[in-house]
Amino acid sequence: MKFFIDTANLAQIKEANELGILDGVTTNPSLMAKEGIKGEAAILKHYETICELVDGDVSAEVLSTDFAGMIEEGKKFAAIHPNIVVKVPMIKDGIKALKWFSENGIKTNCTLVFSAGQAILAAKAGATYVSPFIGRIDDSSWDGIQLIEEIAQIYTIQGFKTEILAASIRNALHIVKCAQAGADVCTCPLDSILGLLKHPLTDIGLAKFMEDAKKM
């Protein structure tokens, strides 16, 4: 399973990349706004900087909700760097845009996916990635991990090449469960990635080793 970091914060991207396990980056308008990145020129420049930091796919989300607008934005994003993936919402014009991008050699990430039916449409349209939002599904009293399992089963049976990119990750356990459920990619905040490092027995064991080392 590939690890993407879900942020527009350059310091966090650098820290995750220095771990040696980072495969890519996902962003969205909310994450850009959180970093104070505003205006088309600044946004495009920020994506270029991220692509220079990370050797992997970088999702750049369109703001338009109509077909023509998504295509125009997507072409600008794709021109930034070969690693750019155009992030498109799961709406009718989004499906049309996914198909157009697929036919024109531009990688895509279909976002805001909450059902297996939506995941099927995205795959049929040729999406490179599909992003089920498991944390938000859990918030609505449904099972986000179960959705990952359903999509993985369908994609295997039908031979779809679209990769399952588990999004809206809330904690380290989500990452482990996504790996078990068959996700191809997990995109998550830095805290969730670092959370995989932690276990109380590791801390206890290390403290014991260090104490014993003083006696040598």
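I started with Val176 and found it in helix H9, which spans residues 172-181. Note to self: this is a predicted model.

Next I asked how open Val176 is. Its relative accessible area is 37%, so I put Val176 down as partly exposed, since that class runs between under 20% for buried and over 50% for exposed. Val176 also turned up in a nonpolar surface patch, together with Leu173 and Leu196. I noted about 250 Å² for that patch.

Then I went to the helix pair H4 and H5. H4 covers residues 67-78 and H5 covers residues 92-103. Their axes come within 9 Å and cross at roughly 40°. That angle is why I wrote down H4 and H5 as oblique to each other. I looked up the hand of the crossing too: for H4 and H5 it is right-handed.

While I was on H5, I picked out Lys99, which sits in that helix. Lys99 has 40% relative accessibility, so it counts as partly exposed. I also checked Lys99 against Ala123, 24 residues away along the chain. Their C-alpha atoms are 9.6 Å apart.

Last stop was Phe4, in strand S1, residues 2-6. Is Phe4 buried or exposed? Phe4 has a relative accessibility of 1%, so it goes down as buried; the cut-off for that is under 20%. I paired Phe4 with Ile91, which is 87 residues from it along the chain. The C-alpha atoms of Phe4 and Ile91 are separated by 24 Å.

Note on methods: Residues are numbered from 1 along each chain as its sequence is written. This is a predicted model: local features need pLDDT of at least 70, side-chain atom pairs count only at pLDDT 80 or more; totals for chains, interfaces and linings use all residues. Side-chain values use heavy atoms; hydrogens and water are left out. Patches are made of residues with over 30% relative accessible area and no salt bridge: like charges are joined within 9 Å, nonpolar side chains (Val, Leu, Ile, Met, Phe, Trp, Tyr) within 5 Å. Accessible areas come from the Shrake-Rupley method with a 1.4 Å probe; for residues, only the protein chains shown count as cover. A salt bridge is a side-chain nitrogen of Lys or Arg within 4 Å of a carboxyl oxygen of Asp or Glu. Helices (H or I, at least four residues) and strands (E, at least two) are DSSP runs, numbered from the N terminus. Buried means under 20% relative accessible area, exposed over 50%, partly exposed in between (1.4 Å probe, protein chains only). Axes are lines fitted to C-alpha atoms, for helices over the stretch in contact, and angles run from 0 to 180 degrees between N-to-C directions. Angles under 35 degrees count as roughly parallel, over 145 as roughly antiparallel, 65 to 115 as roughly perpendicular and the rest as oblique. A crossing is left-handed if the near helix is turned anticlockwise from the far one by less than a right angle, and right-handed if clockwise.
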